[in-house]
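Grab your viewer and work through these exercises on charges, rings and overall layout. Each one has a task, then a solution in steps.

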Amino acid sequence: MTIKPCLVAILTLLVSPGCVTMDSMVESAQSVPADGPHITQHGGNAQSLEVYCQGKRNGPWFGWEGNSSPFLLVFYEDGKLVGSYCLWHSNGRIAEQGQFTDGVATGTWMRFHANGRLAEMGLVAGGQKRPYSIRLPAALEYCVRTGVWLQWDADGNALPTKHYD
């Protein structure tokens, strides 16, 4: 499960214009990085590889912990989240999967237990409950859930469904 994001990060470095720089990023105001890929330290062991074009995030945003375990892969187009989103547990198994369209969470999202079994699945309404952070620019916890959400325990047994407006 960790090979694909690593390949994306490596390919980004090879095909993106500019050079890789180390930026120290704080969640407050900051200068916009130059065009090209950047590796950013987020405090602790968390780092990310992000690509900028004309002052906006453009391309994959790949985050990993100090032990090289991936924790996040999202894609940007002209500064907005687009396409697939994937978050990993520290054991390398997928924790969450979803989609973005024009910066908005859309469609079916899934969350998984650390053992790899599906924990919950349902639709998101495209809203946002709170602002994204720099270290974690996307996550199910930010999304507005809608409709019926199916749930399972870590052994795969069905749990009561949840209903959202």
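## Exercise 1: A charged pair under cover

Arginine 57 is buried, with a relative accessible area of 14%. Keep in mind that we're working with a predicted model here.

**Task.** Work out which side chain meets arginine 57 in a salt bridge, and decide whether glutamate 50 is buried or exposed.

**Solution.**
1. Start with the general idea: side chains of opposite charge can pair when their charged atoms come close.
2. Arginine 57 meets the side chain of glutamate 50, at 3.6 Å from N to O. The cut-off is 4 Å, so the pair passes as a salt bridge.
3. Now the cover. Glutamate 50 has a relative accessible area of 0%, so it is buried.
4. The cut-off for buried is under 20%, and arginine 57, at 14%, falls on that side as well.

## Exercise 2: Two further bridges

**Task.** The structure holds five salt bridges. Take the one between aspartate 102 and lysine 80 and say where in the chain the two residues lie; then find what joins Arg111, Glu120 and Arg145.

**Solution.**
1. Aspartate 102 and lysine 80 come together at 3.4 Å, N to O.
2. This pair links distant parts of the chain: aspartate 102 is in the loop between E7 and strand E8 (104–112), while lysine 80 belongs to strand E6, 22 residues apart.
3. Check the accessibility. Aspartate 102 comes out at 53% and counts as exposed; lysine 80, at 39%, is partly exposed.
4. Next, glutamate 120 and arginine 111 form a salt bridge at 2.6 Å, N to O.
5. Glutamate 120 is buried at 4% relative accessibility, whereas arginine 111 is partly exposed at 29%.
6. Arg111, Glu120 and Arg145 end up in one network, joined by salt bridges that share partners.
7. Follow arginine 145 one step further: its charged end sits over the ring of tryptophan 149, 4.5 Å from the ring centre.

## Exercise 3: Rings in a cluster

**Task.** A search of the whole structure gives five aromatic pairs. Classify the pair of tyrosine 85 and phenylalanine 100 as stacked, tilted or edge-to-face, then see which residues form a cluster with them.

**Solution.**
1. Two numbers do the job: a pair of aromatic rings is described by the distance of the centres and the angle of the planes.
2. For tyrosine 85 and phenylalanine 100, those are 6.2 Å and 85 degrees. Planes over 60 degrees apart count as edge-to-face, so that's the label.
3. Tyrosine 85 lies in strand E6 (residues 80–88) and phenylalanine 100 in strand E7 (residues 94–101), so the contact ties together parts 15 residues apart in sequence.
4. Phenylalanine 100 also pairs with tryptophan 109, again edge-to-face, at 5.5 Å centre to centre and 80 degrees between the planes.
5. Put the pairs together and you get one aromatic cluster of Tyr85, Phe100 and Trp109.
6. As for cover, tyrosine 85 and phenylalanine 100 are buried, and tryptophan 109 is buried too.

## Exercise 4: Zooming out

**Task.** How many helices and strands does the protein have, and what share of its residues is buried?

**Solution.**
1. Count the elements: one helix and 11 strands.
2. Reading along the sequence, the helix precedes the run of strands, as in α-β-β-β-β-β-β-β-β-β-β-β.
3. Of the 165 residues, 41% are buried.
4. Turn to the surface: the protein exposes about 8,800 Å², with carbon and sulfur atoms supplying 56% of that.
5. Finally, take the contacts with a separation of 6 or more: residues 24 or more positions apart account for 28% of them.

Technical notes
Residues numbered from 1 in each chain as written. Predicted model: local features only at pLDDT ≥ 70, side-chain atom pairs only at ≥ 80, totals over all residues. Heavy atoms only, no water. Phe/Tyr/Trp six-rings, centres within 6.5 Å; stacked < 30°, edge-to-face > 60°. Helix = DSSP H or I, 4+ residues; strand = E, 2+ residues; numbered from the N terminus. Buried < 20%, exposed > 50% of the residue type's maximum accessible area, 1.4 Å probe, protein only. Lys NZ or Arg CZ within 6 Å of the ring centre and 35° of its normal. Contact = heavy atoms within 4.5 Å. Areas by Shrake-Rupley, 256 points an atom, 1.4 Å probe, with all protein chains shown as cover.
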